[in-house]
Amino acid sequence: MTLYDPEEPPVFVDPRFRRGFQDRIVRWYRRKGRDLPWRSISSAYQVAVSEILLQQTQATRVAPVFQRFVTRWPRVQDLHAAPLADVKQLTDPLGYHIRGTWLKELARIVVERHGGQMPDSLAALRELPGLGPYAAAAVYVFGLRRRAALLDTNIARVLTRAVGLPSDGSVYRDDRRLRELAEQLVPARRHYDYHQGLMDVGATVCVSRSPRCPGCPLRRICRAVTSSPPVAVWHERGVAMAAERTVGYRVGSTTAVRPAATDSSGLKPG
Ligand code: SF4
């Protein structure tokens, strides 16, 4: 049975693969997940602050600003009462200056229209300033502890490599199969740890140019590694580059490209 058949959508995820994928990510996260300040919070408002600060900015730069922000304005009512200039003074050094205005406007809407509580539906979260589809889903999953599929650049890269899903990294947002895959892989429970782990694997292990496969929790089931012939993605620069698309494999100076239309072998259940 194949994991993925490009001729017969929708995507089918073998239950054994799904369980193995989820278990590996969750176990790895509990042992090796990054210690980031927004991971100890349970306030949906503070998760929204972290998501807006993280847009187009590295987590290491955001961490100290986030801590100062939520120390000064721990509740959405505190932010609503704060002068915009004070907010921008803290957030503008991160660049992307619009986010100070977004945060103030978000606070106003939450206080005035939602009684000071973050809305508890994805649709309502998406209407808040600064929360696009991904950030709204992140607030839903991490702040409200609800089940939804998150899909950002890092997660898309891990998923496409792990299952061998042909996908141009630059257009994954429009890839219906990738969204279906992401939705099918989210566990019924443990989805908080699952998503945090998936993001950490994408940010620290399955990185874009030189994936660190030997230390990856998915190495025994990952299509980029277990395909035949195996793609030793960590051995050579050129190979790692090729793994980005998962259907065009380059080894040293020899290039072996499998067109997406014929790459239907899928992943054998691991
Ligand atoms: S085994 Fe390598 S290519 Fe596969 S998910 Fe892990 S780091 Fe990425």
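Ala-224 is buried, with 28 other C-beta atoms within 10 Å. This residue belongs to helix α12, one of the elements that give two or more residues to the shell around the ligand. The model is predicted, with a mean pLDDT of 79 for the chain. The secondary structure comes to 13 helices and two strands.

**Chain overview**

- The chain has 270 residues, and 39% of them count as buried.
- Among contacts with a separation of 6 or more, 61% are between residues 24 or more positions apart.
- One pair distant in sequence is Ala-224 and Arg-161, which are 63 residues apart along the chain while their C-alpha atoms are separated by 5.5 Å.

**Confidence**

- A pLDDT of 70 or more is reached by 76% of the residues.
- Residues 1-5 stay under 50 in pLDDT, and the model has 17 contacts beyond four places in sequence for them.
- Residues 229-270 also stay under 50, and for this stretch the model has 81 contacts beyond four places in sequence.
- Where pLDDT is low, the predicted coordinates should not be read in detail.

**The largest nonpolar core**

- The largest nonpolar core holds 63 residues. Ala-48, Val-49, Val-139, Ile-155 and Leu-159 touch the most other members.
- This core lies between domain 1 (15-33 + 151-262) and domain 2 (43-143), because both domains give residues to it.
- Leaving out residues up to four places away in sequence, Ala-48 touches Leu-106, Met-118, Leu-131, Val-139 and Gly-143.
- Ala-48 and Val-49 are among the buried residues of α2, Val-139 is one of those in α8, and Ile-155 and Leu-159 are among those in α9.

**The shell around the ligand**

- There are 16 residues around the ligand, of which Cys-206, Pro-211, Cys-213, Cys-216 and Cys-222 come nearest.
- Two elements give two or more residues to this shell, α9 (153-163) and α12 (223-226).
- The element that gives the most is α9, with three residues.
- By type, the shell has 13 nonpolar residues, no polar ones and three charged ones.

**Helix α2**

- Helix α2 covers residues 44-54 and is mostly covered, with eleven of its eleven residues buried.
- The buried residues include polar and charged side chains as well as nonpolar ones: Gln-46, Ser-50 and Glu-51 are among them.
- The elements covering the buried residues of α2 include α3 (59-72), α4 (76-81), α5 (84-91), α6 (98-114) and α8 (133-143).

**Helix α8**

- Nine of the eleven residues of α8 are buried. They include a run of alanines, Ala-135, Ala-136, Ala-137 and Ala-138, along with Tyr-140 and Phe-142.
- The buried residues of α8 are covered by elements including α2, α7 (122-126) and α11.
- After α8 comes Arg-145, with a positive phi near 55°.

**Helix α9**

- Helix α9 is largely enclosed by the rest of the structure, because nine of its eleven residues are buried.
- Two arginines, Arg-157 and Arg-161, are among the buried residues of α9. Others include Ala-156, Val-158, Thr-160, Ala-162 and Val-163.
- After α9 comes Gly-164, whose phi is positive and near 70°.

**Positive phi angles in loops**

- Most residues other than glycine have a negative phi.
- Gln-56 is not a glycine, yet its phi is positive, at about 60°. This residue lies in the loop between α2 and α3, just after α2.
- Gln-56 is exposed, with 9 other C-beta atoms within 10 Å.
- Arg-190 is likewise not a glycine and has a positive phi of about 60°. The loop that holds Arg-190 runs between α10 (176-185) and α11 (191-205).
- Arg-190 counts as partly exposed, with 16 C-beta neighbours inside 10 Å.

How values were computed. Residues are numbered from 1 along each chain as its sequence is written. This is a predicted model: local features need pLDDT of at least 70, side-chain atom pairs count only at pLDDT 80 or more; totals for chains, interfaces and linings use all residues. A nonpolar core is a set of buried Ala, Val, Leu, Ile, Met, Phe, Trp, Tyr and Cys residues joined through C-beta atoms within 7 Å. A residue is buried if 20 or more other C-beta atoms lie within 10 Å of its own, exposed if 12 or fewer, and partly exposed in between; C-beta atoms are placed from the backbone. Domain bounds come from an automatic or database domain assignment. Two residues are in contact if their C-beta atoms, placed from the backbone, lie within 7 Å. A residue is near a molecule or strand if its C-beta atom, placed from the backbone, lies within 6 Å of it. Helices (H or I, at least four residues) and strands (E, at least two) are DSSP runs, numbered from the N terminus. pLDDT is the predictor's confidence in each residue, from 0 to 100.
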